[in-house]
Amino acid sequence: MTAAPYEPGRVRALLARRRPGFGEPIFRIVVLLAALTVLATIIGLVVTMTVESRRGIAHNGWSFLWTSTWDQVRQVFGALPFVYGTVMTSVTALALAMLVGVGVALFLVELAPAWVARPVGFMVEMLAAIPSVVFGLWGIFILAPWLQQHVELPLHQRLGWLPFFSTYPTTAVGNFAAIVVLAIMVLPTVAAVSRDVIAAVPRSQREAALALGATRWEMMRLGVLPYARSGILGAGILGLARGVGETMAVTMVIGNSPTITLSLFKQGYTMASVIANEFTEATTALYRSTLIEIGLLLLVITLLINVGARLLVWRVTGGQPSGGALQ
Amino acid sequence: MLTIRRRIFAALAAGGALAALLLVSACSNGGSAATPTSQTGTPAATGTSPAATSSVTPPTNIGKDDKAQVTGAGSTAIFPFLSKIADIYQKDVAKGVSINYQSIGSGGGIAQFTQKTVDFGASDIYLSDKQMQDIGAPVLNVPMIHWAVAVTYNIPNFKSELRFSPSTIAGIWLGNIKKWNDPAIKADNPNVSLPDLPITPMHRSDGSGTTMNFTSFLAGTSPDWKSKVGAGLSVNWPQGPGGKGSEGVTALVKQTAGAIGYVELSYALQNNLPVGAVKNAAGNYVKPTLQSTTDAVAATVATAPADLRFLIVNPPASHPDAYPIGASTWVLLYKDYPASKSSEVKAMVHFFWWAIHDGQKYATSIDYSPMAPDLVKKVEVALKSITVGGQPVLP
Amino acid sequence: MTPALTGADIRGRHLRRRQARDRLMRALLWCSALAAVTPLLLLLMFVVREGLPAFRPSLFTEVPRPLGESGGGVKPAVVGSLIMVGLGTFIGVPIAILAGVYAREYAGSRLATVIRFLIDVLAGVPSITIGLFVYGLLVAPMHTFSGLAGAVALAILIVPTVARVTDEMLALVPRSVREAAYALGVPRWKTIARVVLPSAKVGIATGVVLGVARIAGETAPLLFTALGNRTVSTSLVRPMDALPLRIYVYATGPYRSWHQQAWAASLLLVLLVLGFSLITRLLLRRRAPGPD
């Protein structure tokens with residue numbers, strides 16, 4: 001850093017130019033306006049989408065949420081396949097991501113020597129910075145075909161009696177590919193927040209466990225994890241929010257077929273993907289309004305999930321913003 | 001500030017267009033697709049009096065001094081053709097005109113045209129009466145080109161050419177035919193040994209005129225299809241993965257062993273995918289080719305109504321060599337554009353004027369069928385009726 | 001060998017079992033770290049391998065060729081991304097920094113919590129819905145897809161990242177700095193603008209760099225706003241192309257040359273993101289040896 005900003009000479013220079021003025025109120029108003037812009041954007045978002053989806057809401061009614069016909073020819077719309085696809089892929093992806101993500105977080109905080117922790121932490125954060133569309137590209141051409149040949153086919157052959165693996169994986173794209181891509185994309189969020197939460201566990205917890213003769217793992221299991229539990233749950237929910245809202249990579253690998261199925265090897269559809277695919281081509285006002293209604297639904301779901309997660313994480317980390325800047 | 005810039009542009013373009021008009025007004029040539037004009041203005045034109053009236057056909061390169069960026073969106077089926085002629089037009093005719101065409105699907109073309117967010121839309125199906133009403137302003141359906149909906153497939157290590165009857169195609173997309181060695185497919189192809197491989201039928205995830213033509217064909221030939229699915233830009237597909245645009249479906253077929261899909265012919269051929277022969281009303285299995293599509297077009301277009309709205313699927317049995325799933329792409333234009341869009345609209349109409357004349361000759365090299373001279377005449381009338389701020393664009 | 005076990009034996013066996021479990025769990029944690037870094041390494045490997053062949057100057061200097069013809073480049077996307085990311089940053093960053101200042105320096109603790117919460121909420125909004133919002137806000141009323149609409153969508157996306165980092169970085173400026181200035185009678189706003197913000201500038205710059213890297217890779221909010229453009233266009237009131245949009249279209253298309261260019265464009269984006277991340281690392285390391 002160059003000259004410290006509070007060195008006496010500089011302060012004197014500032015004082016020399018001091019004169020009574022309107023600086024303070026103006027500055028206060030400017031920063032207030034900036035903060036209000038954030039508020040206005042959120043309100044604008046919700047209001048615009050509510051207004052523009054009114055027509056769809058009026059036409060589709062509540063049954064929109066639990067019917068599954070999506071027929072723009074007859075103008076019959078049901079959102080269930082998209083809601084199901086979104087929930088199914090993001091929850092399954094989250095389960096995978098939690099498994100690895102919490103492990104990485106524990107590894108980084110409790111186990112890894114600094115020379116390992118630094119690059120590993122950096123690489124996990126990098127994962128969050130890779131654009132979604134690049135994941136999609138990699139998913140289509142590399143990951144999905146590989147999964148189809150080396151994971152989906154064997155699973156189908158050995159465990160085909162399970163409903164999840166019952167369909168022969170005819171295409172590389174499908175729910176399974178979407179879940180794996182999504183899990184990779186959610187991982188950094190889960191890992192980063194869990195790491196912050198675990199790092200926030202008081203040292204005394206660990207020292208107490210070690211003093212009682214616990215092994216490192218027992219220290220983590222008995223001293224750290226119970227303390228961080230609700231924060232890790234929050235990390236999971238934040239990851240879920242990210243997964244639910246993820247659009248491009250999923251759209252590129254899920255197969256875009258509005259079917260409700262337990263089978264992981266069939267194609268599916270998500271709320272974000274149907275908007276991405278169909279919004280520019282909604283030929284009638286009702287159709288367009290219905291897609292915005294799905295957008296509103298998606299917005300409400302992610303907002304609720306986010307709020308819940310923030311509250312959980314804040315309780316643990318004591319009100320400090322968490323999750324690192326990178327997610 | 002923006003309006004000022006736009007005005008300057010408009011003035012420039014209008015001036016340029018006027019100069020071009022005076023220079024070449026005598027050079028009119030009857031405007032048929034067979035006689036491309038010279039690409040530069042003829043000096044001899046300066047001597048003649050500017051007696052151009054609306055009955056005179058303007059030269060095909062009328063837009064050569066335009067300067068504008070034209071935005072259009074819609075049909076993916078016309079994209080290979082449109083991108084090619086737009087490229088040639090900018091290179092050889094009007095350097096200052098760039099045509100920005102986004103292939104978002106015919107449904108998208110109709111939607112964005114209705115929303116008035118693009119200068120023109122493109123759709124593989126003409127606008128319905130209801131859709132024209134919704135727009136609330138007079139609009140034109142202007143045909144540009146014909147093509148074939150090809151049934152394309154991907155069976156590894158398989159060299160034979162396949163034939164399909166309409167009921168087999170319907171059975172495959174309905175999910176009743178699940179394997180390539182199904183008896184129905186065998187019946188169509190008695191001398192071919194078919195593999196025991198699951199069939200994955202691909203469809204369009206977006207609103208598509210290709211889907212419209214394909215499902216119209218199936219609804220017209222298979223009662224089962226008509227009652228269960230019907231015809232539309234985007235139907236309630238019984239099964240299978242969806243790809244976005246002709247590009248997406250072609251990619252899915254290419255990447256999936258056992259896949260079958262329906263796409264505009266040039267997408268299949270440009271990507272070295274085999275295309276199947278389809279049984280027509282006369283009972284012949286016909287491959288989609290330039291000739292068989294042109295035959296299909298001839299069956300319908302001769303009687304095309306003045307509003308230029310027609311379908312060319314299922315040509316009657318009187319055309320024994322016609323491919324049964326032919327299609328056309330329409331450009332959707334407003335009859336009157338606001339004066340503020342003057343430069344864009346002039347450049348656009350001039351481009352389409354060139355496209356229905358000289359542009360047509362580039363169709364065959366990429367497997368599209370050019371419009372017949374009779375139809376071009378009707379299209380000329382439609383293009384001439386376009387006005388910007390009340391003034392006709394073409395003389 | 002005696003049949004009876006002594007207490008020590010039991011404790012010993014118990015201890016061995018505990019230690020074995022400890023080793024197992026540690027091994028699993030190492031494995032999960034491996035599992036977490038593998039996707040990144042694989043992705044980078046393939047992006048480099050598939051992207052390099054088409055990573056030529058022509059990629060940046062030529063416009064797309066007609067369909068089915070090889071060659072050409074993604075110049076419209078490079079130009080469009082530069083314009084929209086630049087303008088989005090220009091609009092979003094000042095708002096974000098000032099909002100961060102408000103949250104940390106002006107709002108009472110309860111109000112600050114609310115602002116911070118709103119910033120987090122905005123960060124959690126799915127980017128596709130931002131596209132829907134801007135479509136209704138700008139595209140439909142202006143009757144054209146436009147680079148401006150794309151830039152506004154990106155501006156909304158950069159705000160939470162930068163605002164949050166500003167907030168955090170201002171918190172790190174020691175209280176003594178402010179007090180020193182106040183004690184000398186410097187007004188509060190001047191203290192913030194001339195003393196506090198400059199001391200946090202490296203940290204804030206980090207946030208800006210991160211935010212730029214993030215919006216440079218965004219696709220979903222541009223689908224309904226910028227739309228895409230196959231010709232080089234610098235007009236803000238016309239559709240505009242962007243690298244992620246071009247990658248999306250090319251990746252989902254059938255042509256080999258499209259795929260190659262999609263990989264090459266991805267390589268460019270990934271290099272950008274990696275480069276930016278490394279820059280922020282260096283900035284942060286220079287700033288302080290403290291915990292990061």
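How many bridges join strand β4 (residues 139-154) of chain B to β12(B)? The legends below take up this pairing and other close-ups of a predicted model.

**View 1. Strands β4 and β12 of chain B run antiparallel.** 9 bridges join β4(B), residues 139-154, to β12(B). V139(B) of this pairing stands opposite Y334(B) in β12(B).

**View 2. Strand β3 of chain B also runs antiparallel to β12(B).** β3(B) spans residues 120-123 and is joined to β12(B) by 3 bridges. G121(B) has L332(B) in β12(B) as its bridge partner.

**View 3. Strand β12 of chain B is covered on both faces.** The strand covers residues 326-334, and 9 of its 9 residues are buried. One side carries G326(B), S328(B), W330(B), L332(B) and Y334(B). The other side carries A327(B), T329(B), V331(B) and L333(B). Two of the buried residues recur in the pairings above: L332(B) is the bridge partner of G121(B), and Y334(B) stands opposite V139(B).

**View 4. Three strands of chain B form an open sheet with mixed pairing.** The order is β13-β14-β15. β13 (336-337) and β15 (391-392) stand at the edges with a single partner strand each, so one side of each lacks a neighbour in the sheet. β13(B) pairs with β14(B), residues 387-388, in the parallel sense over 2 bridges. Within this pair, Y337(B) has V388(B) in β14(B) as its bridge partner.

**View 5. Helix α10 of chain A is mostly covered.** The helix spans residues 271-278, and 8 of its 8 residues are buried. They are M271(A), A272(A), S273(A), V274(A), I275(A), A276(A), N277(A) and E278(A).

Conventions:
Residues are numbered from 1 along each chain as its sequence is written. Chains are lettered from A and ligands numbered from 1 in the order in which they are written. This is a predicted model: local features need pLDDT of at least 70, side-chain atom pairs count only at pLDDT 80 or more; totals for chains, interfaces and linings use all residues. A residue is buried if 20 or more other C-beta atoms lie within 10 Å of its own, exposed if 12 or fewer, and partly exposed in between; C-beta atoms are placed from the backbone. Helices (H or I, at least four residues) and strands (E, at least two) are DSSP runs, numbered from the N terminus. Two strands pair if DSSP finds at least two bridges between them.
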